[in-house]
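Good morning, and thank you for the time. I would like to take the group through one structure, beginning with a single chain, moving to the contact between chains, and ending with charged side chains.

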Amino acid sequence: MARPSVEQVWDWLAGVPDPEIPVVSVVDLGIVRDVEWQGEELVVTVTPTYSGCPATGVIQLDIEARLRECGVENPRLVRRLSPPWTTAWISSGGRARLESWGIAPPVEGRASTGLPVPCPRCGSGRTERISEFGSTPCKAAYRCVDCLEPFDYFKCL
Amino acid sequence: MGAPSPDADLQAFLLRMGDSCLILGHRISEWCGHAPALEDDIAMANVALDLIGHTRLWLELAGEVEGAGRSADDLAFLRDADGFRNVLLVELPNGDFGNTLMRQFLFDAWHVPKLRGLSASSDTRVAGVAQTAVREATYHLSRSTDLVVRLGDGTAESHRRMQAALDRLWPYTFDLLDVDDAETALAAAGVVPQAAEVAGAWHDHVEAALAEATLVAPADGPEHRGGRSGFHTEHLGYILAEMQFLQRAYPGAVW
Ligand SMILES: [Zn+2]
């Protein structure tokens, strides 16, 4: 097949869902940092979210599988640690999709302060942190004082 | 970034970081399904996951620096106790939940300034790992500090247990803050932070938190050292026996 353009590859990757939060893609999350052809090899640079994220290995496999499915014969995944991933790299579309999925998107300056974040369900600002660690390392557990629902908050990093 | 030639000092230091994260991660994963509350159970498992994630990064780099083709798994599963360079504190048994938290607090208070310093390492590979790890370790420290203060300044029973844990663990903090020639040389080259800087930050944080927790560090008593030379407590062998069993019994097993 003809060598696909870098733009085409970004489009394909935008269709690779995060294994734990399938409503957002790996591109939404901002973990795909670079796509480029080096000779006959397609090099995709990925920055992991959390070093302890169990999904990291799966994400790598999913990206490679997607590229092969699209006919790329020589994809090569490179891990880049510096600069480290930050929640500021999550796209605005990704943030909106997180919220629609019931996960409060990260709020600047709310790294580990435990300050309230808006409830993704009813929008109330009256919420409280139950635990700094939620269902995965990237999330904290919160509770809404108004609608009484518990929810996950995607921690600001 | 260029790959420097194999460097024994750096290799030893990377093993110290990786092994400390590995053994503590393994230790606290023992709480999975046993912690006093669901949130604590999940938090403990999450911290363990983070630490195992750090382990992978440090040991991969240790293997790369060594240049003998050993992977992170080879280093984790195929070394004996005297080859491990972890700080002694992390291999001590969990004890009760208060003891586990006190151990975590004393470790986190060292881990965070250490990683902060390493984030500015002159070795870009070291800096990359530290920049990722430090943000997670900061969460760990904020949680363990909060719980140590709440339990220390809690009921008479929780106070008694936290003070007992502090008395039991304090002698091992000398090993935690210990330095050797290899690390002094690395600090001079800007690869790792100055030991005094890390120890100063540790003392500042620990003393302030203990005061708030109404806990008192022992004024004198034994000072244990030896982790960085491979002299461990009797507890490490038992951890390795459990952790390494599969790879030792079925070499090369994968799934
Ligand atoms: Zn609500």
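What follows is a description of a predicted model.

Let me begin with chain A. This chain has 3 helices and 7 strands, and their order from the N terminus is α-β-β-α-β-α-β-β-β-β. Along the principal axes, its C-alpha atoms fill a box of roughly 55 × 25 × 20 Å. Of the 157 residues in chain A, 46% are buried. Among the contacts in chain A with a separation of 6 or more, 53% are between residues 24 or more positions apart.

I turn now to the interface. Together, chain B and chain A bury about 1,900 Å², and 58% of that area is on carbon and sulfur atoms. On the side of chain B, B:Asn46, B:Arg135 and B:Tyr139 supply 36% of the area buried against chain A, more than any other three residues. The contact involves 24 residues from chain A and 21 residues from chain B.

How many residue pairs are in polar contact between chain B and chain A? The count is 5, with both residues of each pair at pLDDT 80 or more. Which elements of chain B each supply at least two residues of the side that touches chain A? They are α2 (38–66) and α5 (124–152). The largest share, 11 residues, comes from α2(B). By character, the residues on this side of chain B divide into 7 nonpolar, 8 polar and 6 charged.

The interface also has 1 salt bridge. Its partners are A:Arg79 and B:Glu60, with the closest N and O atoms 2.9 Å apart. A:Arg79 lies in strand β3 (residues 75–79) of chain A and B:Glu60 in helix α2 of chain B, so this pair joins two chains. Both ends are partly exposed: A:Arg79 has a relative accessible area of 38%, and B:Glu60 has a relative accessibility of 31%.

Over all chains, the count comes to 25 salt bridges, and two within chain B deserve a place here. In one of them, the side chains of B:Arg161 and B:Asp96 meet at 3.1 Å, N to O. This pair links distant parts of the chain, 65 residues apart: B:Arg161 is in helix α6 (residues 156–169), and B:Asp96 is in the loop between α3 (72–77) and α4 (97–119). B:Arg161 is partly exposed at 38%, as is B:Asp96 at 26%. These two residues also belong to a network of salt bridges with B:Glu157 and B:Arg160.

The other pair is B:Asp180 and B:Arg228, at 3.2 Å, N to O. Here 48 residues separate the partners, with B:Asp180 in the loop between α7 and α8 (181–188) and B:Arg228 in the loop between α9 (195–212) and α10 (235–249). B:Asp180 is partly exposed, with a relative accessible area of 25%, whereas B:Arg228 counts as buried at 11%.

Finally, I come to B:Asp175, in helix α7 (residues 173–176) of chain B. Why does this buried residue have no salt bridge? The nearest side chain of opposite charge, B:Arg16, is 4.3 Å away, and a salt bridge is counted within 4 Å, so the pair is not included. Beyond its neighbours within four places in sequence, B:Asp175 is in contact with several residues, including B:Arg16, B:His224 and B:Arg228.

Technical notes: Residues are numbered from 1 along each chain as its sequence is written. Chains are lettered from A and ligands numbered from 1 in the order in which they are written. This is a predicted model: local features need pLDDT of at least 70, side-chain atom pairs count only at pLDDT 80 or more; totals for chains, interfaces and linings use all residues. Side-chain values use heavy atoms; hydrogens and water are left out. Helices (H or I, at least four residues) and strands (E, at least two) are DSSP runs, numbered from the N terminus. Buried means under 20% relative accessible area, exposed over 50%, partly exposed in between (1.4 Å probe, protein chains only). Lys and Arg count as positive and Asp and Glu as negative; His and the chain ends are not counted. Contact means heavy atoms within 4.5 Å. Buried area is the accessible area (1.4 Å probe) that two parts lose on being put together, summed over both. A polar contact is a pair of N or O atoms within 3.5 Å; within protein, one must be able to donate a hydrogen and the other to accept it, and residues adjacent in sequence count only if both atoms are side-chain atoms. Ala, Val, Leu, Ile, Met, Phe, Trp, Tyr, Cys and Pro count as nonpolar, Asp, Glu, Lys and Arg as charged, and the others, Gly among them, as polar.
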